[in-house]
Amino acid sequence: MNDTSLPVLMYHGLHATAQSRGRFESVYSVAPEEFSAQLDWLLQAGYRSMRLDDLQANGPETKPVVITFDDGDVSNVEVALPLLRERGMVAEFFVTSDFIDCAGMLTRADVRALSDAGMGVQSHGQSHRYLEDLDAGALADELGNSKRLIEELTGRIVDALALPGGRGGERERQDALRQGYRYLFNSAPGSNRHWQRGQYLQRITLTRGLALAAFADMVAWRGIRPRVAQMRYNALAMPKKLLGNRRYEQLRTRLLRQ
């Protein structure tokens with residue numbers, strides 16, 4: 001890759017209200033009109049959405065952006081897909097395989113529909129358990145079982161993995177590479193300068209209510225907002241380590257409900 005930035009955007013569900021189809025989250029459910037405005041800004045700013053396998057052919061004159069969705073909310077196919085196709089854009093959808101056919105999530109037919117529409121359908125693990133909490137056998141199953149099922153549903157190779165919760169390190173990276181994954185994503189914010197295939201790609205988390213000017217700053221990785229995002233991420237690393245993933249998530253859930 002050249003040394004230009006590669007913004008990778010991380011979405012989850014797109015929901016107008018808490019009553020919309022799918023699994024609404026107060027923080028991560030981006031409103032469809034916000035998503036539409038963000039796509040339009042990308043196009044106007046000269047960005048080109050790209051599938052992962054197209055990045056290697058990316059020329060220095062191109063401003064690439066990778067749009068990703070985690071978990072497999074039904075809004076991925078009902079809302080995101082039409083908005084992307086209207087603009088001739090593409091995205092990579094990271095699906096948790098055990099969530100397929102569950103209430104509010106993608107069905108098997110939906111997974112195939114995304115793939116047939118030219119989108120990438122990749123792995124977000126089998127059960128959404130944090131990979132770093134698993135022993136070697138369970139880790140191998142999480143990565144292998146999800147990969148095989150999605151490949152069966154789409155008829156295409158699955159070679160990208162987004163770590164559930166962004167939790168994992170070198171052990172998880174090496175195991176994923178052994179199982180045939182080539183692109184690995186965590187949740188660390190960053191601009192991906194000088195990235196190399198097989199190393200973790202950083203992502204920009206998109207949340208509900210984010211102003212378009214703030215979105216532009218994050219994508220272009222300019223101003224104070226990206227630095228604040230990095231500082232917040234680093235500050236949360238210590239309580240995650242001290243409390244462990246399970247206790248940290250319990251505390252986070254209680255705080256978000258207040």
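This passage describes the aromatic pairs, the nonpolar cores and one helix of a predicted model. Residues are numbered from 1 along each chain as its sequence is written, and side-chain values use heavy atoms, with hydrogens and water left out. Because the model is predicted, local features need pLDDT of at least 70 and side-chain atom pairs count only at pLDDT 80 or more, whereas totals for chains, interfaces and linings use all residues.

A search of the whole structure yields 7 aromatic pairs (rings of Phe, Tyr and Trp, the last by its six-membered ring, with centres within 6.5 Å; planes under 30 degrees apart count as stacked, over 60 as edge-to-face and the rest as tilted). In one of these, Tyr 11 and Phe 69 are stacked, at 5.3 Å centre to centre and with 25° between the planes. Tyr 11 belongs to strand 1 (residues 8–11) and Phe 69 to strand 3 (residues 63–71), so this pair ties together parts that are 58 residues apart in sequence (helices, H or I of at least four residues, and strands, E of at least two, are DSSP runs numbered from the N terminus). The rings of Phe 35 and Phe 69 have centres 5.7 Å apart and planes at 70°, so they form an edge-to-face pair. Here Phe 35, in helix 1 (residues 32–44), is linked to Phe 69 in strand 3 across 34 residues. Ring pairs join Tyr 11, Phe 35, Phe 69 and Phe 93 into a cluster.

Both Phe 35 and Phe 69 are buried (under 20% relative accessible area, with exposed over 50% and partly exposed in between; 1.4 Å probe, protein chains only). The largest nonpolar core has 50 residues, and Tyr 11, Phe 35 and Phe 69 are among those with the most contacts inside it (a nonpolar core is a set of buried Ala, Val, Leu, Ile, Met, Phe, Trp, Tyr and Cys residues joined through side-chain atoms within 4.5 Å). Several elements, including strand 1, helix 1 and strand 3, each supply at least two residues of this core. Helix 4 gives the most, with 6 residues. Apart from this core lies another, of 13 residues, including Leu 6, Met 50, Ala 162 and Phe 185.

In helix 5 (residues 170–178), the residues Glu 172, Arg 173, Asp 175 and Ala 176 are buried. They cover an arc of only 170° around the axis, which places them on the same side of helix 5 (the arc is that of the directions from the helix axis to the C-beta atoms). Gly 180, with a positive phi near 100°, follows helix 5.
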